[in-house]
Structures are given as C-alpha cells and as structure tokens.
Amino acid sequence: MTTRKPLIAGNWKMNLNHLEAIALVQKLAFGLSDKDFDKVEVAVLPPFTDLRSVQTLVDGDKLRIVYGAQDLSEHDAGAYTGEVSGAMLAKLGCTYVTIGHSERRQYHGEDDDVVNAKVQAAYRHSLTPILCVGEGLPVRQEGGHIAHSLGQLDGALRKITAEQAKSIVVAYEPVWAIGTGEVATPEDAQEVCGALRVRLAELYDSEVASAVRILYGGSVKSGNIAGIMAQPDVDGALVGGASIDAGEYTKICRFSDMPG
Ligand SMILES: O=C(CO)COP(=O)(O)O
C-alpha cells in the first residue's frame with residue numbers, strides 16, 4: 001500500500017477556451033469536497049491561453065485544485081517565436097508541466113534530448129515535470145514495451161539529481177491506448193509502472209523510487225479507474241478526453257467510491 005498521495009491530472013490537450021476553462025474548473029470545485037481533496041490531489045493542465053484565467057479563479061476562490069501547463073520551452077527567454085518559458089509558467093502559479101507527451105514526440109519530433117532539456121528547464125523554475133513515457137503498438141506487439149519506457153526514463157533524467165528526481169511525476173501512457181478507448185489492463189499498467197519504479201531505484205536509490213508518483217494514462221474513465229488505482233505501483237492517472245467532462249472527471253477523482 002502506497003503512502004504517496006494519489007494524483008489525478010487532466011490533460012485538456014487543445015480543448016476549451018479561457019471562458020470554457022473557467023466554467024469547467026468551477027464545476028469541478030463544486031463537485032468535489034474537502035474530503036475528496038484530502039484523499040487525492042486534483043490537477044488540471046489547460047492550454048497556455050487558459051492559464052491566467054484558471055490562476056485568477058483558483059487564487060480568488062481559494063480552490064484546492066492545482067494546475068499546470070502541457071509543455072514548456074527548453075530555453076528560459078529569447079528569440080524563440082511561439083514558445084513559452086518555465087519562468088512564465090512559474091509566474092502564473094503553475095505547479096506542474098507535462099513533458100514528453102507522445103503527441104509532442106510524434107507531431108513535434110521531440111526526442112529524448114529535447115525532453116531532457118525541458119525537464120532541466122522545469123527544475124530551473126521550480127516546476128514539477130509530469131514526464132510521459134510509453135510505447136506504440138508495434139513495440140508492444142514485439143514485447144519491447146518495458147525496455148522502451150525505461151529507455152525514455154533514462155533519457156529524460158540525464159543530469160537530474162536525486163533531490164530533483166524525488167519530486168518528479170512519471171506518467172506511463174501506452175500510445176496505443178491514448179484516445180482509442182483501448183485501455184491497458186490494470187496488470188499491463190502495473191507491469192510497466194513497477195518496472196519504472198525499479199529503474200528509479202537503480203538510477204538513484206530506494207528513497208527516490210518510493211517518493212516518485214507514477215501515473216497511468218490512456219482511455220481512463222470512471223468505469224476503469226478503480227481497477228487501475230488498485231495496483232501497487234500506480235499512484236494516479238493522467239486523463240485526456242474524460243478530463244474535459246466535469247461530471248466524468250469528478251467521478252474519476254472520486255475513484256475510491258467507484259466499483260473496481
Ligand atoms: O494522452 C492522454 C493523457 O495525457 C490520454 O488521453 P485519453 O484519456 O483521451 O486516452
């Protein structure tokens with residue numbers, strides 16, 4: 001049984017403008033009680049353009065929802081048109097930043113070196129990375145899923161100290177289960193999340209390995225969250241599509257009330 005506080009993080013991807021963002025966060029805050037927030041950390045990861053509105057709402061109403069961004073630049077400032085820096089995100093009160101999401105790796109060519117540079121940039125600005133790893137279907141079919149995910153973890157953590165690594169969040173997101181309705185079984189999720197934790201102990205020590213929260217992501221819904229959360233090395237979920245539906249996301253955050 002883990003003593004790590006579970007984290008449910010909603011990756012909104014490229015959905016919801018700032019007005020829709022306010023409406024969704026208000027609904028989540030209304031649907032979740034202090035008791036829920038005692039049991040689980042609830043995060044939202046809206047598009048950049050929504051962050052200022054979410055910050056104003058969270059600060060103004062003293063909400064217990066935390067928030068973060070879906071990406072950041074590996075650079076801190078300068079002539080990088082279209083990029084957003086870690087310093088800017090920190091100023092907006094972000095706690096988290098997603099790094100290395102498979103959609104960034106696939107559509108924007110982000111390799112392990114870029115991911116590693118972004119992890120370092122996040123730590124320079126006291127942001128907590130949610131580092132995404134996970135294999136595509138061909139790799140899974142060849143049985144290379146564990147080696148693939150561990151390789152991405154190794155690559156992302158180069159030059160990261162044990163002190164820094166202790167706070168990282170790792171999300172195992174098998175690409176074949178993202179947005180497809182094809183969810184990994186709880187045993188599939190545990191197999192890779194457990195292997196990631198062993199690798200953290202090898203890269204650092206058992207203190208780091210037992211501190212790091214490891215999430216599962218890929219077609220998480222209220223109907224499958226309880227089984228996934230019952231696994232010993234799964235400390236939460238990174239939720240895509242279901243996180244922009246207030247009712248469904250609220251149910252996911254209350255996973256301990258859902259049937260397994
Ligand atoms: O990519 C994901 C979260 O980052 C998962 O997306 P879905 O929950 O829509 O499958």
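**Ligand site and a helix pair in a predicted model**

The ligand is surrounded by N11, K13, H101, E173, A177, I178, G179, G218, S219, L238, G240 and G241, each with a heavy atom within 4 Å of the ligand. The model is predicted: local features need pLDDT of at least 70, side-chain atom pairs count only at pLDDT 80 or more, and totals for chains, interfaces and linings use all residues. Residues are numbered from 1 along each chain as its sequence is written, and side-chain values use heavy atoms, without hydrogens and water.

By class, this shell holds 3 nonpolar, 7 polar and 2 charged residues. Here Ala, Val, Leu, Ile, Met, Phe, Trp, Tyr, Cys and Pro count as nonpolar, Asp, Glu, Lys and Arg as charged, and the others, Gly among them, as polar.

Polar contacts with the ligand were examined next (pairs of N or O atoms within 3.5 Å). A polar side-chain atom of E173 lies 2.9 Å from a ligand oxygen atom. For G240, a backbone N or O atom is 2.9 Å from an oxygen atom of the ligand. G241 places a polar backbone atom 2.8 Å from a ligand oxygen. Taken alone, the ligand exposes 310 Å², and the protein buries 96% of that (Shrake-Rupley method, 1.4 Å probe).

K13, one of the residues around the ligand, lies in the loop between β1 (7-11) and α1. Helices (H or I, at least four residues) and strands (E, at least two) are DSSP runs, numbered from the N terminus. K13 is not a glycine, yet its phi is positive, about 55°. L16 is found in the loop between β1 and α1. L16 also is not a glycine and has a positive phi, about 75°.

Helix α1 (residues 18-31) meets helix α13 (residues 246-253): their axes come within 9 Å and cross at roughly 40°.

Notes
A polar contact is a pair of N or O atoms within 3.5 Å; within protein, one must be able to donate a hydrogen and the other to accept it, and residues adjacent in sequence count only if both atoms are side-chain atoms. Axes are lines fitted to C-alpha atoms, for helices over the stretch in contact, and angles run from 0 to 180 degrees between N-to-C directions.
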